[in-house]
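Hi,

Here is the structure I promised to pass along. Have a look when you get a moment, and my notes are underneath.

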Amino acid sequence: MKKLLLFSFLTLTFLTQAKNFEYAGYLKSEVWSKINNDNSHLFLSSFKNTFDLETEFKLSENLSFFFHPRFFYDLAYDIRNQDIFDENQEKLGHTQRGEWLRDCFLDYTSDTLDIRIGKQQVVWGQADGLPFLDRVMPFDLSYYWLLDFADIRIPLWMIKVEYSPSLNSTLQFLLIPDFEASRSAPAGAPFSFKAVNIFDAFEKVNKKYGGSMNTTIYRPPKKFKNSRVGLRWRSMIGDFEYTLNWLYGYSTSAYTYTDSFTPVIAGTFFGNYEISRRHKLMHIIGFSFNKSFVNPGIFQGLTIRGEFAYLHNEPTYYGMEGKRRLTEKTDKYTYVLGFDKYLFTNWFFSLQFAQYIHDKKTFSGYHVLNTYTYGLMDKVENYLTLKIATDFMHERLKPEVLVVWNDDNDGRISFKAKYELRENVWLTLGFHHFWGPPYGSNGQFRNNDHVVFEVKYTF
Amino acid sequence: MRFLLAFLFFLLNLAGFAQTLEVGKLYSLKEGMSADEIMKIVYHNKYSLFCKDITFKGEVIYVDSPTLIRKRKYIKHRIILGRDGFSYKELTAITYPTEVKGLAILVWSYLSPQKDQQVWLWLPTLKKVRKISASQDDDAFMGSDFTVEEVSTRRFEDETYRLIGEKKFAGYRSKYKNEMLFKGRDCFVIEAHPKKAHWYYDKRIVWVDKKTGGHIYEEYFDKRGRLFKKIFRKWELVKVGDKLYPTQTALEVEDLRTHHRTVILMEDIKYDQGLGESLFTVKTLMRSRW
């Protein structure tokens, strides 16, 4: 009914405001195929077909309405024989619930005040591919971090107000009454996290030994008082641009707690579990900056950017490798420094160094764990990323490569080449190679290298 | 002694001021001008430094082969400042094709010829604003046969100039529109050499139209003296109030090494609409929806 009303509104608006109506969209088919078969996955991971439409209605000089639906259907589940992955068709095979609506907002703009009300994305921070300060939106990690970030973020209904007290300064206020949890792929999917697979495997073994696991998910009740709020001050000192950020509210990630355990076999971990998945109140305080060196000198042409985030009271897992024992609130400090420069005419180099610092490495004798894999983490985790991009054939061919490396020799290399066959037909070939220890963020996918081929027709 | 130094400093400043054309003022070419004087006016006109602001729709046409022609469309706003160290600020938004629609670029250009531009980009695939390093001057402008410098960053101070003579232009046959343009127009012919060593060209011959004050034709030569690129620019005088503003309305370039051609067309050109500086801020980029 809601959809029908929305479409009726849009049709009416279109009919009355046709000259102020603009649209663009695409049809896309993408095939994800695994390179090496370790018998736990099939070669065809995904055959996703997407329809996307973006529309804008300019209602007046200061008022616009933007509407952006997207639908997909993954044919892989119909093509393949029944196996473990097909159990995930319900969650990964087609557009879920309200996800078809990517944007739906009303924009009011003026010199001093901009207001955007509706479903939208808000992005903070200066880092590429490392979401330290970019934590306003929940994430859909069904394909790990391999998609464009605009597609990884889950849009939310909210109010965003930007007030400009001076020419290059803005104060942003966010009120987010909507709530969506970040999610990852279910167990057994091509990019399901090791922690998810471990939990799933243990649940099955536990059941064999007569145990049970009852999981209760606690979402924050959809009440106004549970709204998340955020503030961001952005300004410039000369050509040094900076932001100060604060976000408070329920974490978009759900954290696992063991509320009670009764062993069925004494001295073992098999038994009856009461498990809960909870979102906790937490603060994120941070800042970001950027500066381009425009004056003559050895740094001319270099852009430096960075961000810092202090995560206060974020639930953290403690245990042994592959086994979570405790979930405790701790603090974390994260920062990224990025250096960008064009070299050799049109080769873009972007290097990032990042650190993820835990306040407490151990808790009650247990070691801090990687949320995604239950692998052991260092007190300070170091990351390096390097992106190189260029273009050939008058920008018809655009290759880029991204290398992500962690100090535990855990990493991935992602290559992508985009080719413009015609103005409205684009081909993309991609490749993702992972390496590292089995409990590493990337190492968990070390037998999961993929090639991706995409055909996109735009209109 | 201090008085003498102050006086000398004042004279130097005065000389410097005399060398720079006043932003917001129209200049026309006159007989007997030196190569430097002519080229200063050419650059003044190229970046529309005579007006308060300008808005136009642009179309870049890539002629990859006789059967394959690709297009990019954009809308550009520029405000001329000439104060606080800024020459102008510019906002460009790509409107076509869909794959790159929404990409928007904010550029702040300084008065100082030594300073690079400040550049911000709205990236639709990330839905965020990203501060980026200025493109290198010899990089292709939007993937075309023009370099960034030829379209948007070359300044008067980047070259040395010599007046070769005054000639009637033989005319340029537009390959895109198949029409003869500017035939018989009186021109100054100027030879320009880049100050940078090992640059992508060694010399260019510039034909400057006396009527519009625009550089209508350029030929680029490499170190061996081989002609490798030809650029034609169509200039028109656009009436704004009681003034005639020299305006580029079309550009054509051919790379003689690859025989690839690019055409840029400008239309719906509007001057002095009273654009505010607040349009040329990061906040405007963050308004992007596509």
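Below is what I found, starting with confidence and then going through each chain and the contact between them.

Please keep in mind that this is a predicted model. The scores are ipTM 0.90 and pTM 0.90. For chain B, the average pLDDT is 91, and 93% of the residues reach at least 70. Confidence in chain B peaks in strand β11 (residues 203-209), at a mean of 98, and is lowest in helix α1 (residues 2-19), where the mean is 45. Over residues 7-18 of chain B, pLDDT stays under 50, and the model gives that stretch 0 contacts beyond four places in sequence. If you set anything up from these coordinates, that is the stretch I would like you to know about.

Now for chain A. Its secondary structure amounts to 5 helices and 25 strands. The radius of gyration of chain A is 23 Å, close to the 23 Å that the globule rule gives for 459 residues, so chain A is as compact as a globular protein of that length. Taken along the principal axes, its C-alpha atoms fill a box of roughly 75 × 50 × 50 Å. Of the 459 residues in chain A, 32% count as buried. If you look at contacts in chain A between residues at least 6 apart in sequence, 59% of them join residues at least 24 apart.

Chain B has 4 helices and 15 strands. Here the radius of gyration is 20 Å, close to the 19 Å from the globule rule for 290 residues, so chain B too is as compact as a globular protein of its length. The C-alpha trace of chain B spans about 65 × 45 × 45 Å along its principal axes. Buried residues make up 39% of the 290 in chain B. Among contacts in chain B between residues at least 6 apart in sequence, 47% link residues at least 24 apart.

And how many residues does each chain bring to the contact? Chain A gives 45 residues and chain B gives 38. On the chain A side, several elements supply at least two residues each, including strands β1 (21-34), β2 (44-58) and β7 (156-166), as well as α4 (149-152). Further along chain A, β15 (281-292), β16 (303-320) and β17 (323-343) do so too. The residues of chain A that touch chain B divide into 13 nonpolar, 17 polar and 15 charged.

Happy to talk any of this through whenever it suits you.

Best wishes

How values were computed:
Residues are numbered from 1 along each chain as its sequence is written. Chains are lettered from A and ligands numbered from 1 in the order in which they are written. This is a predicted model: local features need pLDDT of at least 70, side-chain atom pairs count only at pLDDT 80 or more; totals for chains, interfaces and linings use all residues. Two residues are in contact if their C-beta atoms, placed from the backbone, lie within 7 Å. Ala, Val, Leu, Ile, Met, Phe, Trp, Tyr, Cys and Pro count as nonpolar, Asp, Glu, Lys and Arg as charged, and the others, Gly among them, as polar. The radius of gyration is taken over C-alpha atoms; the globule rule is 2.2 Å times the number of residues to the power 0.38. A residue is buried if 20 or more other C-beta atoms lie within 10 Å of its own, exposed if 12 or fewer, and partly exposed in between; C-beta atoms are placed from the backbone. pLDDT is the predictor's confidence in each residue, from 0 to 100.
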